[in-house]
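Student: Could you take me through the aromatic pairs in this one, and then what sits around them? I'd like a close look rather than a quick tour.

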Amino acid sequence: ADADADADADADADADADADADVPLYMVERGQLSWQDAETQAARFTSGSATSHLAVAQTQADIDTLASMVTFGGGNLWLGGEQDSSGDWWWVTGEPIATTNWAPGEPNSSDERYLEMWGTGIPTWAPGSWNDSVAEQGWNQGFVTQLDVPVVYNEDNGHYYARVTGDFRTWAEANMLASGSRYGDLRGHLL
């Protein structure tokens, strides 16, 4: 069944809507999937001018937001980075990966071509640091979807709103996705 998930996050009443115009909306999604299957799942919210894909981090602020989601999400999470045959790393959106958060010694293998973010419980690296991985890693517990949808700031109540339409199977699934969403340092929920 289709359902609309409106991500609403409390914000300072004096916040400047234009200052956050380019802040991505991220959602943690659960499930042990290959990188390719996660990429397909992440794209399911694309319709009209709204697009969705595995998360990309263009800035240090994006990296910090994604890293903060690991403790919320638990295990390792797929991000939208892939290594090409020449060894260069690219985002699924076509841009080269310039700002990084690689764990010490990573990336370390031309056979590990997909970007994952370390979760909690990995004693060697800090949660949120990056690792190159094979597509079928069994310890990945999910992925991060980035929604490129309009986010509107309501000056009257100091809240941000985003309308996300997708193929949600249940209200509980829509609620889980909304509560796992982040807009900058703000958390989302259903309306």
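Tutor: Sure. In this predicted model, the count of aromatic pairs, with ring centres within 6.5 Å, comes to five. Take Trp-91 and Trp-130: the ring centres are 5.8 Å apart and the planes stand at 90 degrees, so this pair is edge-to-face. Trp-91 belongs to strand β5 (residues 89-91) and Trp-130 to strand β7 (residues 130-133), so the pair ties together parts that are 39 residues apart in sequence. Both ends are tucked away: Trp-91 counts as buried at 3% relative accessibility, and Trp-130 is buried with a relative accessible area of 1%.

Trp-130 has another partner, Trp-102, again edge-to-face, with 5.7 Å centre to centre and 85 degrees between the planes. Trp-102 lies in the loop between β5 and β6 (114-117), while Trp-130 is in strand β7, so here the linked parts are 28 residues apart in sequence. Trp-102 is buried, too, as is Trp-130. Put Trp-89 with Trp-91, Trp-102 and Trp-130, and you have one aromatic cluster.

Now for the surroundings. Trp-91 and Trp-130 are also among the residues with the most contacts inside the largest nonpolar core, which has 19 residues; Leu-66 is another of them. Elements giving two or more residues to this core include β2 (25-30), β4 (76-83) and β5, but α2 gives the most, with four. As for Leu-66, setting aside neighbours within four places in sequence, its contacts include Tyr-26, Leu-79, Met-117 and Val-144. Apart from this core lies another, of 13 residues, with Leu-25, Ala-50, Ala-162 and Val-164 among them.

Definitions and conventions. Residues numbered from 1 in each chain as written. Predicted model: local features only at pLDDT ≥ 70, side-chain atom pairs only at ≥ 80, totals over all residues. Heavy atoms only, no water. Phe/Tyr/Trp six-rings, centres within 6.5 Å; stacked < 30°, edge-to-face > 60°. Buried < 20%, exposed > 50% of the residue type's maximum accessible area, 1.4 Å probe, protein only. Core = buried A, V, L, I, M, F, W, Y, C linked by side-chain atoms within 4.5 Å. Contact = heavy atoms within 4.5 Å.
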